[in-house]
Amino acid sequence: MTEQVYFEDVKEGLEIPPFERGVVQMRDVIRFDAAVENYERLHQDYKWCLENGYPDVIFNGPIKNACLATMLTNWIGDGGWLKKLGCQHRGMDLPGNTLTATGVVTKTYEQDGMGFVDLDVKVTNQLGEVTCPGTATVILPKRDGVPVPTVFPVPAGASA
Amino acid sequence: MTTASATQVCFEDITEGMEIPAKSFGPVESTDLVRFCSAWETYSLLHTYQKFCLEQGHRDVVINGPFKQAVIINWLDNWAGDDGFLKSMSIQHRVFDFHDDVFTATGVVTKTYEVDGFGYVNIDLKLTNQRGEVSCPGIATVVLPKRGGPPAPVEYAPPAEYVELLQKLASGAERIADLKDGQGIGEFIPEKARNTIGMRGYANEWPEPLDRATIRRFADATFEWKRAYRDEEFAKSRYGALISPPLTVLRVPINEWGMMGESAVPHIELAGRSRGGGNAGQDAEWFKPVKLGDTITQVAYLADLVERTGRSGPMVIVYGETVYINQHGELVAKTRQGTLRQLSAE
Amino acid sequence: MTTENKDEPRTYVTEEVKAQIGKEGPPSTWPEGLERSTLRRYVNATEDQNPLYRDEEHAKNSRYGGLIAPPFWLASHPLATGQRVTEVLHMRREDGPLPGSTPRVQIEGLNRGVNGGSEIEWFRPVYLDDLLTYKSRIGRFEERMGRNGPMVISYTETEFRNQRGELVAIMTGSGIRMT
């Protein structure tokens, strides 16, 4: 198991360990669709996809969001908290594509006594296409031993 | 005890020679196949990815055997109603069926008889596709209540020879059934293969106890709306807990868990060169339902090797049997599966 | 309120469109709580080896106190796409908006729509047996001049709550409308 990363260890520009999802075959696409009960034709029906102008079955977007999230939760360890993850699906990925999630720290700051880290993240395929770029915010524990909470206050504006 | 619904079929309604109301299913859509494969947890490209199927020379996505079993089970299980019990079903897979196919399940009652005050009905059945081909011929036995009487039992004792088998399994023995005279005789069956008959093969335990999500996935995948699988209050009153459709217990792990079918029995070598390995069909018998919270262990063993000569020459059918046992050591179901190996002399 | 003047740029976010802000779609509740089989399938499908989501002992000894779902799990399911679990098996689009869906907003003059992405903010973990309900509403509109002409970005907010009514996450989705 990797050691816990602490807020004090993180500086702007740090590249976090990537998550190599590897080759995602059709079998893996179906497994993911099955796990989340997504049976949309775009994500499993080859015949329908071709009839509708797609080159093949198209990856379920969340496969890529999950790559980003896994990269981040692997990095923050048991002691961190994934606060925000936003991304856009810019390109299609087809069965047989290799996905890699990478991230770089853009900002570190303190807020409410906690250590916040902003990152630029992205999923890139084997053709070098960035099919899913995004940003994330994590909270890392500080070396003072105070654990990062697992419950956060409801923001103003959300229904109570 | 809940009152039987007005539409509950009873033993008195059945006469030998009568036809069971037919049921159609289809056209089978890609979504149906993927949803089914998801419940079964198989991600075989043959049953989900048209691109792979076309590359293999098939006309479209191939429907898997268990899917067709599910269609037949749905038909019989719903005909039997809340108070009936699907006791056994034996079917053979005769043809390839594909995406967009339409099936019709039909059956004729061949025999009616009583056991312990309940009505047993034997049925000759057929699952026919829209091309007029009989995809799955078979037989089944359904237990029905008598009019005004209690629902069919939900627990059945295993046959005597299986009590002994279960004991041997529990003791950890490698040989769990005796080799009977006349078994495994054939030109292409070496002595070593013959002596493997009765030896245990692959065993697997479910990764977690049966939960509501899995029951619902199976019910959704097989279009099952019976109260037993959907209505927890009703199911508790009848079975003690929500139960899963009959096919659930037969889910043989592939991909993530391990092997299936013939590959679950101990390895045997036959004389000559063999090819093939198609799913010839499955005989299934149920003894009790699988309930919420149950963990099933399944153990396969080599049941028989039968040599035959067909139009394509000699073949050996490898018969594997699998017993499905719950966490209390009770026999929930058993199946027998034949796999054809076409042979040619070296 | 705005005087139409052919020298003034047209606003696509009319009073009618603004009146849609805050409009909610019907809520959707998962058919069952987070079950072990659900968790197993998801962590295997995403190849996530994190013991917080797989190893009960490890999770119990962590500050979470028990097995939790990977954060993205709650948004990985299709939200009202017409394939949403059991509801869809006996529902048709004519029956009305699907549970969990956002009310549709027509923006006159901008007929092309592109998904702009989404952002999730997390407030609590999801534990085994937690039952989630989510509800979507129209959040706000932003008007911009893009390279190819005017565009309006509509933001939808989906709130995820557990069986105790506690806020677990908010997902903000954006759609870009263009001519």
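**Chain B against chain A**

I began with the contact between chains A and B in this predicted model. I counted twelve residues on the chain B side and 14 residues on the chain A side. I then looked up which elements of chain B take part: α1 (30–40) and α2 (50–55) each supply at least two residues. The largest share of the chain B side comes from α1(B), with six residues. I sorted the chain B side by class and got five nonpolar, five polar and two charged residues.

**Chain B by itself**

I listed eight helices and ten strands in chain B. I checked its overall dimensions next. The C-alpha atoms of chain B fill a box of roughly 65 × 50 × 40 Å along the principal axes. The radius of gyration of chain B is 20 Å, which agrees with a compact globule, because 346 residues in that form would give a value near 20 Å. I noted that 45% of the 346 residues of chain B count as buried. For contacts in chain B with a separation of 6 or more, I found that 72% come from residues 24 or more positions apart.

**Chain C against chain A**

I turned to the contact of chain C with chain A, where 34 residues of chain C meet 33 residues of chain A. On the chain C side, I found that α2 (36–45), β2 (112–122) and β5 (167–178) give two or more residues each. β2(C) gives the most, with eight residues. By class, I have 15 nonpolar, eleven polar and eight charged residues on the chain C side.

**The sheet across A and C**

I followed an open sheet of ten strands with antiparallel pairing. I read its order as β1(A)-β3(A)-β4(A)-β5(A)-β2(A)-β2(C)-β5(C)-β4(C)-β3(C)-β1(C). The edge strands are β1 (15–24) of chain A and β1 (28–29) of chain C, and each pairs on one side only.

Where do the strands of chain A and chain C pair with each other? I found that β2(A) and β2(C) pair in the antiparallel sense over four bridges. For K84(A), I looked up the bridge partner in β2(C) and found E121(C).

At the chain C edge, I saw that β1(C) pairs with β3 (residues 133–146) of chain C over two bridges, again in the antiparallel sense. Within that strand, Y134(C) is the bridge partner of S28(C).

Last, I looked up which helix of chain A packs on the sheet, and recorded α3 (residues 61–76). α3(A) touches β1, β2 (81–87), β3 (97–111), β4 (114–125) and β5 (130–140) of chain A. I noted an angle of about 140° between the direction of α3(A) and that of β1(A).

Definitions and conventions:
Residues are numbered from 1 along each chain as its sequence is written. Chains are lettered from A and ligands numbered from 1 in the order in which they are written. This is a predicted model: local features need pLDDT of at least 70, side-chain atom pairs count only at pLDDT 80 or more; totals for chains, interfaces and linings use all residues. The radius of gyration is taken over C-alpha atoms; the globule rule is 2.2 Å times the number of residues to the power 0.38. A residue is buried if 20 or more other C-beta atoms lie within 10 Å of its own, exposed if 12 or fewer, and partly exposed in between; C-beta atoms are placed from the backbone. Two residues are in contact if their C-beta atoms, placed from the backbone, lie within 7 Å. Ala, Val, Leu, Ile, Met, Phe, Trp, Tyr, Cys and Pro count as nonpolar, Asp, Glu, Lys and Arg as charged, and the others, Gly among them, as polar. Two strands pair if DSSP finds at least two bridges between them. Axes are lines fitted to C-alpha atoms, for helices over the stretch in contact, and angles run from 0 to 180 degrees between N-to-C directions.
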